[in-house]
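Work through the exercises below with the structure open. Try each task before reading its solution.

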Amino acid sequence: MYQQYFTEEHELFRQSFRAFLNKEVIPNIDQWEEDRKTPRAIWKKMGDMGFLGLSYPEAYGGMGLDFFYDVVFNEELGRTNSGGFAITQQVTQYMSCPYILKYGSERLKQKYLPGIIKGELISSIAITEPGAGSDAANIQTKAVKEGDFYIVNGSKTFITNGVYGDFLITVVKTDPTAGTSGVSLLVIDRNAEGVSANKLKKLGWHSSDTAELSFDDVKVPAENLIGQEGSGFYYLMNGLQLERLVAVPAGITACEHAIEMTLKYMSERKAFGRPINKFQVLRHRIAQLSSEIAAAKAFSYQCCKMYTDKVYDVKLCSMAKLLVTELCEKVATQCLQMYGGYGFMEDFPMARMYRDVRVGTIGGGSSEIMREIIAKMVIDEVDYQKAEPVPIGESREKSNGSADKPDLEKMLASIQGKAAKASPLGKKLKFNFGEEQLHIDGTGASNAVSMEDADADCVVQVSLSDFIELTKGKLNPMNAVMSGKIKIEGDMGVAMKLQSLFA
Ligand SMILES: Cc1cc2nc3c(=O)[nH]c(=O)nc-3n(C[C@H](O)[C@H](O)[C@H](O)COP(=O)(O)OP(=O)(O)OC[C@H]3O[C@@H](n4cnc5c(N)ncnc54)[C@H](O)[C@@H]3O)c2cc1C
C-alpha cells in the first residue's frame, strides 16, 4: 500500500521489532495463553532492546521519537495474534503512564517512568467500578485526605494488569459532592497494604491478567496525587484520545494478519475437488474485507497524523475506534467461517483472534458510547475541546480570566433572548453562581428568566465567568459538564437541554 507516513528509520525499527517478536514472543504465546500469564522477563527483554518508551522523553530513559514509532510498535503487536500479549504494554505505556508524564510531579516521573521504560514495571489504569463503567463520572471509590496521606476505600473491576502489575493510576473521588470536579488521580502501589485483587476468568486475552480490586483503608502518600486535586476528570478526558487511538493500528494489522492466514488456508484447503479460494462467494468476501481494511487503514493513519500534529479531534478519533474495533469483529467472524470446523479449533489461529477481538467494541469506550459521542458532534453540533487543567496555584475562577465581576443584568438580558428562542424546558432550572442566581421557569409556553432565588428541578452550579463563556458560545455545555466546570444537581433530563438554551 502506498504510504506517506513512515520514514526509512520507522521501517528499520519495524523490521527489528518484528524479528524480536517472531523469535521471542510468537513461539511462546500458546504457552502464555495456557498459563494465563505473560512472564515479566519478556518486558525486561523488550526494555533492554530499546523497544519501550519510544516517544517518552530521554530524561526518563525514553527515546523521544515521534508518534509514528508508536504506531509501528502497535501495528507489530497487532500482528502477534494475541490481544493478551499486546494489551499489557498498551495499558502501561499508552493508557496509564501518560497521566504521570503529562500531569505528574517530577518525583512521580522519576519514580515510575524509568522502570516502565526498562520493562521492570507494569502499570494499570483503574477507572471502571462494579457500578460505573461507561458512566465513569459515577465512580464511588473515595480518597479522604488525612495529613500527608489519602485514605482510599472502594473497589474497581476489569482492571488490566491489576493482578501482576506494580502500580495503579487510580481514579478516585476526593470530593464526592463536587461531581466531576471532585475526581482525582492517585498512584497506588499494587502491593500497598489494604489493596487486594481477584483474578477474573475471561473469554479472551488469556495471556493478560484482569483484576477485580478492593481498597480497604489504603494509606496513599499525598505526594502520589497526579497533578491537582479535582482535575482528574479533565486529565482522563484528554487521555482517552490516545487510549482510543492505540487500539486502531493494532486492530488494522490484526485484520490484515487474519486475511493473510485465511488466504494461506484457502489455498491449501480443497472442497469439491478444488481449493476453496476458487469459490466466488469466498473470493468476494475476501475482496470486501480487504477493501474495508484498506479504507480503515488510510483513515487510521490520518487520525494518527493528526495526533502527531497535536490536532485534538474527538470526532475522528472516536470514529476510528468505532470503525476499526467493529471491523476486527467482522473480519474475525468471517475469516473463521472460511476455516470451516477447523476455525473453531484451538490448534488454528482464528479461534484466538475471534475471542480476543471481542472486547475491542466494549473497552476504552464501547461502540455505543463512540456512536453517542459522534452523534452529539454530528447532529447536535457539540464541540469537544481539549480540557485545559488549571495551572497550579490558580483557582478555576481566576484561570478563566474573570477577575472583573460580570454584570448580571446584562447577562440576564442576553440569556432572556436565548431562552425565549429555545423550546420550553418543561421544568424549572436554576444557575447558581454562589451568592447570585438565574432562574428559568420552562413550565409555561416559553422559558421565563428571572434572578429570583426560587426552587428548581435542576440546579447548575457554575462560576459567573464560565456562565458568560457559555452565553457567548465560547464554552460548550457538554464540554463544561465533562470538564467539571459545571456541576449538576437534580433532574439530569433538564440539564441535557442546556445545549438548546445556549445555541
Ligand atoms: C478484558 C477487559 C479489560 C478491561 N480493562 C480495563 C482497565 O484496564 N481499566 C478500566 O478502568 N477498565 C477496564 N475495562 C472496563 C471497560 O472499560 C468497561 O467494561 C467499559 O467501559 C464498559 O463498561 P461496563 O462494562 O460497566 O458496561 P456498561 O457501562 O454497564 O454498559 C453496558 C452496555 O450498555 C451500553 N451503554 C452504556 N451507556 C450507554 C449509553 N449512554 N448509550 C447507549 N448504550 C450505552 C454499553 O455500550 C454496553 O453495551 C476492561 C474491560 C474488559 C472486558
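Two exercises follow, on the core and on the ligand.

This is a predicted model, where local features need pLDDT of at least 70, side-chain atom pairs count only at pLDDT 80 or more, and totals for chains, interfaces and linings use all residues. Residues are numbered from 1 along each chain as its sequence is written, and side-chain values use heavy atoms, with hydrogens and water left out.

**Exercise 1.** Find which residues touch the most other members of the largest nonpolar core.

*Solution.* Start with the term: a nonpolar core is a set of buried Ala, Val, Leu, Ile, Met, Phe, Trp, Tyr and Cys residues joined through side-chain atoms within 4.5 Å. Buried means under 20% relative accessible area (1.4 Å probe, protein chains only).
The largest core has 98 residues, and Phe73 and Phe85 touch the most other members. Next, see which helix gives the most: α7 (residues 232-268), with 18 residues. Helices here are DSSP runs (H or I, at least four residues), numbered from the N terminus.
Then look apart from this core. Another core has 28 residues, among them Leu438 and Phe502.

**Exercise 2.** Identify polar partners of the ligand, then describe its shell by class.

*Solution.* Take the side chains. A polar atom of Thr128 lies 2.6 Å from a ligand nitrogen. For Ser134, a polar side-chain atom lies 2.6 Å from a ligand oxygen. Now the backbone: an N or O atom of Ile127 lies 2.9 Å from an oxygen atom of the ligand.
Finish with the classes. The shell has 9 nonpolar, 7 polar and 1 charged residues.

Note on methods. Buried < 20%, exposed > 50% of the residue type's maximum accessible area, 1.4 Å probe, protein only. Helix = DSSP H or I, 4+ residues; strand = E, 2+ residues; numbered from the N terminus. Polar contact = N/O pair within 3.5 Å; in protein donor to acceptor, adjacent residues only side chain to side chain. Nonpolar A, V, L, I, M, F, W, Y, C, P; charged D, E, K, R; others polar.
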